[in-house]
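Me: I'm new to reading protein models, and I'd like a close look at one part of this one. Could you walk me through how the helices in the middle pack against their neighbours?

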Amino acid sequence: MELLGELHLEVMVEYVRQMMKRKLKLKGKKQEEAAEFMCQDSRRICSMFANTGSNERWLSEILPRLSEILRLQDPGSLKLEIVALARIYPDLSEQHVVAVLTLKSNLSSSDVCGIKDCLRDNRETQDDQSSPSFFSKVIVKKNIF
């Protein structure tokens, strides 16, 4: 069962890595459709692994949380969502945030800078080993927005 959990983690890491690697910009309704598609994929992937014995239930939350970032339009709401994501996954880096925000066409460079500043200002130092490590496994290239 442990091997199945590792495979489940690797599938989710690869999904997120591929998503963050995209060079396209989603506009309007396409952001909503992509967000819904990610939620559906999450349900399918996680239910398949759960049905075969994976105990990595925490992985089912990652894609829905990222899809919410795609869905949101207001920079203030995005700041709150990203700070919340960083509190759950302390290994979330600015590069990860920029990679996700790059998919959104409605953000200016100043919006992205404001979101990154907010993330820096609200990042909590955590020594807690109970926090799940996920994003450190997702390698992304440094993007300049």
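Reply: Here's a walk along the chain, helix pair by helix pair.

First, a word on trust. What you're looking at is a predicted model, and the chain has a mean pLDDT of 87, with 91% of its residues at 70 or more. Among the elements of the chain, helix H3 (residues 62–71) gets the highest mean pLDDT, 94, while H6 has the lowest, 91. Keep one habit in mind: where pLDDT is low, don't read the predicted coordinates in detail.

Let's start with H3 and look back to helix H2 (residues 29–51). The axes of H2 and H3 come within 8 Å and cross at roughly 175°. An angle over 145 degrees counts as roughly antiparallel, so that is what H2 is to H3. Want to find the touching residues? On the H2 side, look for Gln31, Glu32, Ala34, Ala35, Glu36, Met38, Cys39 and Ser42; they meet Leu63, Pro64, Leu66, Ser67, Leu70 and Arg71 of H3. Sorted by class, this contact of H2 with H3 has 8 nonpolar, 3 polar and 3 charged residues.

Now look forward from H3 to helix H4. The axes of H3 and H4 sit 9 Å apart, and the two helices pack at an angle of about 160°. Again, that makes H3 roughly antiparallel to H4. The crossing of H3 and H4 is left-handed. From H3, the contact uses Arg65, Leu66, Glu68 and Ile69, and from H4 it uses Leu78, Glu81, Ile82, Leu85 and Ile88. Here the classes come out as 6 nonpolar, no polar and 3 charged residues.

Don't skip the loops, though. A search of the whole structure turns up 4 aromatic pairs. One of them is Trp58 with Tyr89, a tilted pair with 6.5 Å from centre to centre and 40° between the planes. Trp58 lies in the loop between H2 and H3, whereas Tyr89 lies in the loop between H4 (75–88) and H5, so the pair links distant parts of the chain, 31 residues apart.

Past that second loop, you reach helix H5 (residues 94–101), whose axis comes within 11 Å of the axis of helix H6 (residues 109–122), crossing at roughly 150°. H5 is therefore roughly antiparallel to H6. The crossing of H5 and H6 is right-handed. Glu94, Val97, Val98 and Leu101 of H5 make this contact with Val112, Ile115, Lys116, Leu119 and Arg120 of H6. Count by class and you get 6 nonpolar, no polar and 3 charged residues where H5 touches H6.

How values were computed. Residues numbered from 1 in each chain as written. Predicted model: local features only at pLDDT ≥ 70, side-chain atom pairs only at ≥ 80, totals over all residues. Heavy atoms only, no water. Axes fitted to C-alpha atoms, helices over the stretch in contact; angles between N-to-C directions. Helix = DSSP H or I, 4+ residues; strand = E, 2+ residues; numbered from the N terminus. Parallel < 35°, antiparallel > 145°, perpendicular 65-115°, else oblique. Left-handed = near helix turned anticlockwise from the far one by under 90°. Contact = heavy atoms within 4.5 Å. Nonpolar A, V, L, I, M, F, W, Y, C, P; charged D, E, K, R; others polar. pLDDT = per-residue confidence, 0-100. Phe/Tyr/Trp six-rings, centres within 6.5 Å; stacked < 30°, edge-to-face > 60°.
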